[in-house]
Amino acid sequence: GANELLAILSSLVDKSLLVVTDQGPDTLRYGMLETTREYALDRLTAEDDRNSTERRHAEYFANLLGRSNAVWGTVPMPTWLVPLEFELDNLRASLRWSLVERHDVDLGAAIVVAQETVLESLSLAVEGCRWCEHALTVLPPEALLVYEAALQLALARFYSRETFFDQAIEAGARSAALYRSRPDSLTLRNLSARACLASALSFTGWAYTALRRYEEAD
């Protein structure tokens, strides 16, 4: 139970196997020294538990993003964002396992889509572009049908933020076409497909305006 877990954590801290890394009014976070972490990873690998552990890790953070996105827009932005900012390194680790190492590209794509607002809000648009582009590259055709509209919309937003307007137009137009033809497509955050279509058109029009291509923007 919770008391047993707390006792184990306290024992590991006493033995310097865990350290308290962040402490807030309602949370206590623990980390490992790098040497301890490497030893633990070696043990997981030796006992053939590393892949299953990393899968549970990735699934946990995919679910965390899902729960957070379900209440996006209903709570103050700092309240929503700060807990997720703490998890950036965990999100990156889950994406390295799922997408870069290709253990579960569908799960990785879901995380990429779900973290879009986190990265945009933290001014990490370049990182967002990189993950979206990578997901679009490694997804098989059948999975691409599920995720492409949302990935292209995220790309349009990230490209616009970084003033890559030609790329934003291409991604936004592709996303809009997908949301028109497939209204059941995966959406960002807790938006509807219609709202995502409007957003895709908005980013596309704004990018055209930034390039002074006003007729196409209209």
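What volume does the largest pocket have? The largest pocket has a volume of about 1,100 Å³. The model is predicted: local features need pLDDT of at least 70, side-chain atom pairs count only at pLDDT 80 or more, and totals for chains, interfaces and linings use all residues. Residues are numbered from 1 along each chain as its sequence is written, and side-chain values use heavy atoms, with hydrogens and water left out.

**The chain**

The chain holds 12 helices and two strands (DSSP runs numbered from the N terminus: H or I of at least four residues for helices, E of at least two for strands). From the N terminus the order is α-β-β-α-α-α-α-α-α-α-α-α-α-α. The C-alpha trace spans about 70 × 40 × 30 Å along its principal axes. Of the 218 residues, 38% are buried (under 20% relative accessible area; exposed is over 50%, partly exposed in between, with a 1.4 Å probe and protein chains only). The accessible surface is about 12,400 Å² (Shrake-Rupley method, 1.4 Å probe). Carbon and sulfur atoms own 54% of that surface. Contacts (heavy atoms within 4.5 Å) with a separation of 6 or more are 58% between residues 24 or more positions apart.

**The two pockets**

Rolling a probe the size of a water molecule over the atoms shows where empty space is left. A pocket here is an open set of points on a 1 Å grid over the protein atoms alone, where a 1.4 Å probe fits, with protein on both sides within 12 Å along at least five of seven lines. Lining residues have an atom within 4 Å of a point. A volume is the space filled by probe spheres set on the points, which are joined across faces, edges and corners. For the classes, Ala, Val, Leu, Ile, Met, Phe, Trp, Tyr, Cys and Pro are nonpolar, Asp, Glu, Lys and Arg are charged, and the others, Gly among them, are polar.

| Pocket | Volume | Nonpolar lining | Polar lining | Charged lining |
|---|---|---|---|---|
| Largest pocket | about 1,100 Å³ | 11 residues | six residues | nine residues |
| Second largest pocket | about 220 Å³ | seven residues | three residues | two residues |

The largest pocket is lined by 26 residues. Arg37, His57, Phe61, Asn90 and Ala93 lie nearest its centre. Strands E1 (19–23) and E2 (28–31) each supply at least two lining residues, as do helices H2 (34–46), H3 (50–70) and H5 (88–100).

The second largest pocket has Thr27, Arg29, Leu64 and Trp80 among its lining residues. H3 and helix H4 (77–85) are the elements that give two or more residues to this lining. H4 gives the largest share, five residues.

**Helix H4**

Which residues of H4 are buried? They are Trp80, Leu81 and Leu84. These residues sit on the same side of H4 because they cover an arc of only 80° around the axis (taken from the directions from the helix axis to the C-beta atoms). They pack against H3, H5 and helix H7 (116–121). Pro78 and Thr79 are exposed on the other side of H4.

**Two buried sites**

Serine 94 lies in helix H5. Its relative accessible area is 1%, so serine 94 is buried. Not counting residues up to four places away in sequence, serine 94 touches His57, Ala58 and Ile111.

Alanine 143 is in helix H9 (residues 141–161). Alanine 143 counts as buried, at 3% relative accessibility. Alanine 143 and isoleucine 169 are 26 residues apart in sequence and 23 Å apart in space, C-alpha to C-alpha.
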